[in-house]
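This report looks at helix packing, a ligand shell and recorded binding-site positions in one protein chain. Please keep the sequence and the structure at hand while reading.

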Amino acid sequence: MSPTGATPPHSTFQNEIYLQGVGGQRPEVTTDPEALEASARQRLRPEAFWYVAGAAGSGATARANREAFDHWRIVPRMLREATVRQLATTVLGTRASAPVLLAPVGAQSIVHPEGELATARVASELGLPVVLSTHSSHTLEEVAEANGDGPRWFQLYWPNDPEVCVSLLNRAAAAGYQALVVTLDTWTLAWRPHDLDHGYLPFLRGTGVANTFADPAFRATLAAPPEQDTPAAVLRWVATYTGTDRGWDQLAFLRQHWDRPILLKGIQHPDDARRAVDAGVDGIVVSNHGGRQVDGAIGSLDALPGIAEAVGDQLAVLFDSGVRTGADIIKALALGAQAVLVGRPYVYGLAHDGESGLRQVLRGLLADLDITLGLTGHRSPADLGPDTLSRSHA
Ligand SMILES: Cc1cc2nc3c(=O)[nH]c(=O)nc-3n(C[C@H](O)[C@H](O)[C@H](O)COP(=O)(O)O)c2cc1C
Ligand SMILES: O=C(O)C(=O)c1ccccc1
């Protein structure tokens, strides 16, 4: 906050970096997304890095996510008095300082011990909504406390046991989570060669199970508490969350037990988006889980225009998978998303000493968005539309 109480524009981060450069200092964390990934690779144990960076099968979907952004080019406009921008927005009743949310990422303590606590603090400081994973390494109550009065949503992996499900929903509501993001595309884990070759999954080593192990309904199903017999509790955890595919009619159960907005995450087909409208949910996240689930799938941005056209005026359309730069965000918004979620880049930031690295990565992304929005002749995300882009034939 500035002395006047107004929040300084996101673009001031650029001035800070250049001014520090005059004093001989360079940014501690690179501003280049590819170098950021490379630098996280140097800092993390190989199995942890590859768990984050890896994708399903051959990696074709993760590549398609990036290529999809290259299919579109921004057409800048001039003399539009875009020197002052307004990035703040409201998504399903939640205020955000920019149309950017922190995607649900489980087991964050594998990259930094503070994990989701650091993420929740920095998100709150920057006014960005954080979406907490069911499989976080700190409990949703601890994360809510770290987040304070910041905006927060809860992501649900739908447990097989309805009592555990209701218990999680009640806890999330009591802890002030403002919306529910139900992830549909990961009812079982995909074939992930890097993790298979490392024989590594965080939750099999007891990371990412905090919410469930602390849950009274889950604990009631165990012969001994998780602290006494961890292997048995982990096996029970696996049984609770694996093979949990369901049908559209079962969404009514969630509606019954959650009275705030509900979004479905993992939508890639316009017909599924229409079914989401019929089911009466409030929003969808057009996502392929960052290419981590179905190998050889469509790039998520390639799925967006058809979906936005089918349902964009009937529910909130959010987008993720492959967002790395301000220009990427502009493209997704121009193609019909109300906001985007960012995944791996902020986790790589977290790998750089927790809060400080994360703060730099997010401030960089917001500054890039703010500056690029201005340079393309837009004063707010609401000014973006199909006219903003041209299909590339390269
Ligand atoms: C390490 C890791 C863990 C993830 N865990 C979850 C999760 O617990 N729940 C969920 O809905 N999505 C999860 N995701 C998917 C993200 O929410 C998001 O869809 C994806 O990361 C977006 O793609 P991006 O990384 O290219 O930005 C995870 C992604 C990563 C990289
Ligand atoms: O790895 C993932 O993509 C994911 O969604 C997940 C699944 C289980 C536990 C933690 C994260």
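The paragraphs below take up two helices, then the ligand shell and the recorded positions.

The model is predicted, and what follows should be read with that in mind. Helix α14 covers residues 300-311, and its 12 residues should span 16 Å at 1.5 Å a residue, a value with which the 16 Å between its end C-alpha atoms agrees. Its buried residues are Ser300, Leu301, Ala303, Leu304, Ile307, Ala308 and Val311. Seen down the axis of α14, these buried residues fall within an arc of 135°, so they line one face of the helix. An α-helix has 3.6 residues a turn, so residues three or four places apart point the same way. The buried residues of α14 pack against helices α4 (60-70), α13 (270-279) and α15 (326-334), and also against strands β8 (262-267), β9 (283-286) and β10 (316-319).

Helix α3, residues 46-53, has Ala48, Phe49, Tyr51 and Val52 as its buried residues. They cover an arc of only 160° around the axis, which puts them on the same side of α3. The elements that cover these buried residues include α2 (33-43), α8 (193-198) and α16 (344-350).

Which residues surround ligand 2? The shell is made up of Gly106, Ala107, His135, Thr186, Phe203, Gly208, His289 and Arg292, and by class it has 2 nonpolar, 5 polar and 1 charged residues.

Under "binding site", an unreviewed UniProt entry lists Tyr51, Tyr157, Arg192, His289 and Arg292; among these, His289 and Arg292 also belong to the shell around ligand 2. Tyr51 is found in helix α3, whereas Arg292 lies in the loop between β9 and α14. Leaving aside neighbours within four places in sequence, Tyr51 is in contact with Ile110, Asp195, Tyr200 and Pro202. With residues up to four places away again not counted, Arg292 touches Ala55, Ala56, Ala190 and Arg192, and Arg192 is itself one of the positions in the UniProt list.

The table sets out the burial of these two residues together with that of Ala174, which is found in helix α7 (residues 162-174).

| Residue | C-beta neighbours within 10 Å | Burial |
|---|---|---|
| Tyr51 | 23 C-beta atoms | buried |
| Arg292 | 25 C-beta atoms | buried |
| Ala174 | 11 C-beta atoms | exposed |

Ala174 and Leu301 are 127 residues apart along the chain, and their C-alpha atoms are separated by 35 Å; Leu301 is one of the buried residues of α14, while Ala174 is exposed.

Key:
Residues are numbered from 1 along each chain as its sequence is written. Chains are lettered from A and ligands numbered from 1 in the order in which they are written. This is a predicted model: local features need pLDDT of at least 70, side-chain atom pairs count only at pLDDT 80 or more; totals for chains, interfaces and linings use all residues. Helices (H or I, at least four residues) and strands (E, at least two) are DSSP runs, numbered from the N terminus. The expected span of a helix is 1.5 Å times one less than its number of residues. A residue is buried if 20 or more other C-beta atoms lie within 10 Å of its own, exposed if 12 or fewer, and partly exposed in between; C-beta atoms are placed from the backbone. The arc is that of the directions from the helix axis to the C-beta atoms. Two residues are in contact if their C-beta atoms, placed from the backbone, lie within 7 Å. A residue is near a molecule or strand if its C-beta atom, placed from the backbone, lies within 6 Å of it. Ala, Val, Leu, Ile, Met, Phe, Trp, Tyr, Cys and Pro count as nonpolar, Asp, Glu, Lys and Arg as charged, and the others, Gly among them, as polar. UniProt positions are given in the numbering used here, feature names are shortened, and annotations may be inferred rather than shown by experiment.
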